[in-house]
Amino acid sequence: MTDPVTVRPCRAEDRDAVVALWTACGLVVPWNDPAADFALALSKENSTVLALCLGNRIVATAMVGQDGHRGWIYYLAVDPAHRGNGLGRRMVVEAENWLAATGMPKVQLLVRSTNERVLAFYEHLGYVKPPSTLMQKWLTNPSP
Ligand SMILES: CC(C)(COP(=O)(O)OP(=O)(O)OC[C@H]1O[C@@H](n2cnc3c(N)ncnc32)[C@H](O)[C@@H]1OP(=O)(O)O)[C@@H](O)C(=O)NCCC(=O)NCCS
């Protein structure tokens, strides 16, 4: 019998499982604290982390948030053992639906320009590179 698939917003107690998934997916970088990122997303009304569960086990996530003008996706992750089965597409659709339900007309995301595999994945799902340049500045500790 196969485990049922459910998608739900994360709860605080999901933190360790989610951080372990993000680590296994290579999404943890020195300048971001994944546990703090998780807690921050859950602490705001306009953001959350969506989890796809097989039975009780979280095997995919997408962090979603909106800034009042645009929707954003972060931490899209599928357990390496479950890739190639449509779960990445499912989580992008879930994230888009969550953002659309908050009234956002457009969704944006960041992918390192060297990460050609993930860029190709998003292009396959209809995402395009915009004719604009992202600029940024840390408001907390200086980081790379
Ligand atoms: C990127 C990632 C989420 C994809 O998850 P996945 O479950 O393997 O993807 P899916 O099986 O849902 O693939 C969805 C579609 O994209 C296609 N696809 C997958 N990878 C692709 C690639 N590199 N190039 C082009 N198309 C791709 C699939 O063929 C599938 O097409 P279809 O639905 O038309 O048949 C997964 O590889 C992952 O977690 N990577 C590590 C974390 C990461 O880098 N996240 C992004 C941070 S910016």
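These legends walk through close-up views of strands 2 to 5 and the ligand site in a predicted model.

Before you zoom in, note that residues are numbered from 1 along each chain as its sequence is written, and that side-chain values use heavy atoms, with hydrogens and water left out. Because the model is predicted, local features need pLDDT of at least 70 and side-chain atom pairs count only at pLDDT 80 or more, while totals for chains, interfaces and linings use all residues.

**View 1. Strand 2 meets strand 3.** Strand 2 (residues 47–54) and strand 3 run antiparallel, joined by eight bridges. Strands here are DSSP E runs of at least two residues, helices are H or I runs of at least four, and both are numbered from the N terminus; two strands pair if DSSP finds at least two bridges between them. Look for Thr48, whose bridge partner in strand 3 is Val64. Two residues lie between the strands in this hairpin, where Gly55 takes a positive phi near 65 degrees.

**View 2. Strand 3 meets strand 4.** Strand 3 (residues 57–66) pairs with strand 4 in the antiparallel sense over six bridges. Ala60 has Val78 of strand 4 as its bridge partner, and Gly65 stands opposite Trp72 in strand 4. This hairpin has four residues between its strands, and Gly68 takes a positive phi near 95 degrees. Both strands are mostly covered: nine of the ten residues of strand 3 are buried, as are seven of the eight in strand 4 (residues 71–78). Buried means under 20% relative accessible area, exposed over 50%, and partly exposed in between, with a 1.4 Å probe and protein chains only.

**View 3. Strand 4 beside strand 5.** Strand 4 and strand 5 (residues 107–109) pair in the parallel sense over three bridges. Here Gly71 has Val107 of strand 5 as its bridge partner.

**View 4. Around the ligand.** Of the 20 residues around the ligand (each with a heavy atom within 4 Å of it), Leu76, Gly84, Gly88, Arg89 and His124 come nearest. Where should you look for polar backbone atoms 2.9 Å from an oxygen atom of the ligand? Val78 offers one, and Gly84 offers another. A polar side-chain atom of Arg83 lies 3.5 Å from a ligand oxygen atom. Strand 4, helix 3 and helix 4 (116–124) are the elements that give two or more residues to the shell. Helix 4 supplies the largest share, five residues.

Notes
A polar contact is a pair of N or O atoms within 3.5 Å; within protein, one must be able to donate a hydrogen and the other to accept it, and residues adjacent in sequence count only if both atoms are side-chain atoms.
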